[in-house]
Amino acid sequence: MWDHLSLLLVVTPLIAAPLAAILPFGRVPWALAFLVALACAVMAGMQLWTILTGGPIQYELGGWAPPWGIVYRIDEVNALVAMIVSGIAAVALPYALLSAENEIEKHQIPLFYSAVLLCLAGLLGITQTGDIFNLFVFLEISSLSSYALISLGNRRQALTAAYQYLIMGTLGATFFLIGVGLIYSQTGTLNMADLAARLPEATGLKTVHTGFAFIMIGFALKLALFPLHLWLPNAYTYAPSVVTVFLAATATKVALYVILRVLFTVFPDGFVTNTPAGDLFLMAGILAVLSGSFRAIYQSNVKKLLAHSSVAQIGYMAIGLSFASVAGVTASIIHMFNHALMKGALFMAVGAIVYRVGACRMEHLHGLGRQMPWTFGAIIVAGFSLIGVPGTAGFVSKWYLVLAALEQQQWIVVAVILFGSLLAVIYVGKIIEALYFKQATNPELAVEEAPFLLLAPTWILVFANIYFGFDTDLTVGVAERAAQALGVAAK
Amino acid sequence: MDFVVSHYNYLIAIFLMMTGFYTVISRGNLVKKIVGLNIFQVSVFLIYISLSTVKDGVAPIYVEGVKVYSNPLPHVLILTAIVVGVATTALGLALVVRIKEAYGTIEEDEIHSQDNSL
Amino acid sequence: MDLLIDISLLTFLAVTAIGIIRITNLFAVIMLFAIFSFLSATLFMTMDAVDVALTEAAVGAGISTVLMLATLALNKDHNEKQPDKNRHWLPLAVVLTTGAVLVYGTLDLPDFGDPASAPQTHVAPHYIEKAIEETGVPNIVTAVLASYRGFDTLGEVVVIFTAGIAVLLLLGGRREDPLDDGAKDKRVPQNLVLRIVSKIVIPVIMLFALYVQFHGDYGPGGGFQAGVIMSAAIILYSLVFGLGAAERIIPKSVLMFLTSLGVLIFAGVGIASLFLGGNYLNYSVLASSQVAGQHIGILLVELGVGITVFAVMLTIFFAFAGRERS
């Protein structure tokens, strides 16, 4: 079975999803989903280790050789992304048990876990595949299941948020499909390695340029890159807490991976620098950082505040990749990893507040800092990481991003990164102020600390934020190798 | 003129795509948006199938002696894409039904004004 | 001649699309969409894409239209609000830019029908030349769909499964009377001719569905189309004899089981090939010879597709129709 590891990583949740749907009520579907997520995390870890020690893996599905059959092709980049996705799933599922029972109707629970497993299978399928159309199919599995998961939020805005995301997500997927079709018309192939071999002769063609643009716009929509981010704030705000945790920490990361893969592996060297793509990513990134951070400051709903902050964080990742340098892409990948840790922890902590108080507007938070000290502590540490305080993972991201910008002598970008961090101080400060320095509106109302099952996963991610703030060998080392594996031209 | 004849399929397909796209982003009625989305997608299918056509070719079902077939690969891709499309449509319409029950309307601006008046 | 049919169909499509934008009566819009879908199916037919044509007709003009009508039935007002004139400019600018970029992109597209273009000279020739000897399936589309790109098709079944789960999550809850025992549904037509005719037609539709299911190796068709057609038979039954009667034949729990079963059959074939020493979904190891193994594999996975598609289509229809009643 060792040879089939990369395949089983996707097929295990895929098979578990229909099983979860037909299992009897109770906690069986949850247990199944949790075991599967745990197994996926172990398999993804083994896969990453195999690749770091032994080089890329290729797996021919159906036993057909590429380019006629579909292949999985995994190098350091997708192995790392698969690790993030399944790692977050394994931490989020213990959290899901109580959080979902609290926010989702009982008879929907088995189907809910089925949808979670589908989403996991879809995201992992996107990362593992070496075939660009197979990627589209798994993109739709993850998208459809996330629309359904978002719509389960208990306010009616969840429905409109899911609808809006469905429309924009489908437009994005269709743009991607147009792009793939145009590129297929000039190469005749869908296999990514084969595309990479055949595209250099076709780089001058107008059709290829158009196809490239459509693929990029399609995934910029899925990534929620400014100004195509409009679906994100509402979707993250009104989805059930655990769904927000999972999607915020994984879905946009996978979209970023696809952009990196297409930009650097599928398209030949210099395609980014010789077209306006690099400049556009830089501009979108800068605007995302500024607009996302400013909007975050003015939010009165904590989940929405964090969602707008996510728009800004995606901006940092776009800035990194726009340099098309090893340093820039490394910074982008490091931030992708670290952002999953910090936003995962923050949304979990906010979900714990929702579990106890039932809402998460600023006024509901007043005075909770003293009553829920562990949750409060998690918000402080993860918030510091979001700002980029030294000693946290967030600092490592910002540091490498600034270094990459200095290498390009982009002084404005350095200023934007620092200014963005300053704005983060303000919006994280607002949350801490509400939690600790504001008097509770109803002091007699005793609020208990969140249950252990919610706190433990939160603190696992909080510790990860601290750990990866000190031990940078793992993240930076792997990210550097990943950037090289992508085929980023060394300067 | 030669270009228009040899690319007539593509040009019309682009026109159709844009009518669908325009319907999605300019209309506020939630059902009409879904109709627009469907038109957008079907027109993309047209481009793929046009790419698969070979002059004097026949449908790709093996017959002894026949040499020229149209390209089966885009057909396969579009079969999958059609299925994905209907899945999205079903989910989108289910959301519309729930939105109608929750808001009493399927017009985007009326929904927004209800949410903002809270 | 072909070109003439082609060009007139395309022009009809353009006219229909403009109609869809301009008309504000949603019922008319949906009917125009069904026409649009049917015209495209005809066009796919003229372009030799028979499987695609069959599917588009069943899905676009069939399922999608039915679902749109079911959604509309819940709305008393069938007219769309007149769009605000000032809101036109930004969308128009976006659409014109996108269209212009696409036209720019077509400048280098191969001529329509060019046998020397990249898609016709790379990858696809392998399927055309080798499919019959490697898989034994004359319908090359089926060979590629179920075997060479079988994993895509597994993904496609999972997409359908996801849609079923999603619709159940959204519309599955709070149904007070799943079976209106004995009580006649008022909206069910009591027309004798309709009842007798449908009793004759329904078995024929089912038989046709089975034909499409098992003849997919040789002619157009396969699990997906068969599943849709089979579900159409039950939908017709429920329209004539009432939703309660249809749900008595196939209860919700059975439907849920079938929905999962199809995916499990398909994915299970893949696991079986793992245990027999092949890669995932490598059907060649399922029997002593490659062609025999491919034959078994394709038969089984198409069956899985058919079962899940049938069950999900019914699930979705029942969910929408059930809402209408409450």
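Student: How many salt bridges does the rule find across the interface of chain B and chain C?
Tutor: Zero; in this predicted model, no salt bridge is found by the rule across the interface of chain B and chain C.

Student: And how many residue pairs are in polar contact across that interface?
Tutor: There are 14 such pairs between chain B and chain C, with both residues at pLDDT 80 or more. On the chain B side, helix 1 (2-6), helix 2 (8-26), helix 3 (30-52), helix 4 (72-103) and helix 5 (108-116) each supply at least two residues that touch chain C.

Student: Which helix of chain B gives the largest share of that side?
Tutor: Helix 4 of chain B does, with 24 residues. By class, the side of chain B that touches chain C divides into 48 nonpolar, 19 polar and 10 charged residues.

Student: How much area do chain B and chain C bury between them?
Tutor: About 7700 Å², and 76% of it lies on carbon and sulfur atoms. Within chain B, the residues that lose the most area to chain C are B:Tyr22, B:Lys32 and B:Leu79, which together make up 8% of what that side buries. The contact itself takes 77 residues from chain B and 92 residues from chain C.

Student: Turning to chain A and chain B, what is the buried area there?
Tutor: Chain A and chain B bury about 2800 Å² between them, with 80% on carbon and sulfur atoms. In chain A, A:Arg156, A:Leu159 and A:Tyr163 lose the most area to chain B, together 25% of what that side buries.

Student: Which side chains meet in a salt bridge there?
Tutor: Those of A:Arg156 and B:Asp115, at 3.9 Å from N to O. The count between chain A and chain B is one salt bridge. There are also six residue pairs in polar contact between these chains, both residues being at pLDDT 80 or more.

Student: Which elements of chain A give two or more residues to the side that touches chain B?
Tutor: Helix 5 (132-151) and helix 6 (157-187) of chain A. Helix 6 of chain A provides the largest share, 17 residues.

Student: Now within chain A, which residue forms a salt bridge with A:Glu101?
Tutor: A:Arg27 does, with the closest N and O atoms 2.9 Å apart. The pair links distant parts of the chain, 74 residues apart: A:Glu101 is in helix 3 (residues 76-103), and A:Arg27 is in the loop between helix 1 (5-22) and helix 2 (28-54) of chain A.

Student: Lastly, where is the kink in helix 3 of chain C centred?
Tutor: On C:Thr65, with a kink of about 30°.

Conventions. Residues numbered from 1 in each chain as written. Chains lettered and ligands numbered in written order. Predicted model: local features only at pLDDT ≥ 70, side-chain atom pairs only at ≥ 80, totals over all residues. Heavy atoms only, no water. Bend = angle between axes of the 7 residues up to and from the residue. Helix = DSSP H or I, 4+ residues; strand = E, 2+ residues; numbered from the N terminus. Contact = heavy atoms within 4.5 Å. Buried area = accessible area lost by both parts, 1.4 Å probe. Salt bridge = Lys/Arg side-chain N within 4 Å of Asp/Glu carboxyl O. Polar contact = N/O pair within 3.5 Å; in protein donor to acceptor, adjacent residues only side chain to side chain. Nonpolar A, V, L, I, M, F, W, Y, C, P; charged D, E, K, R; others polar.
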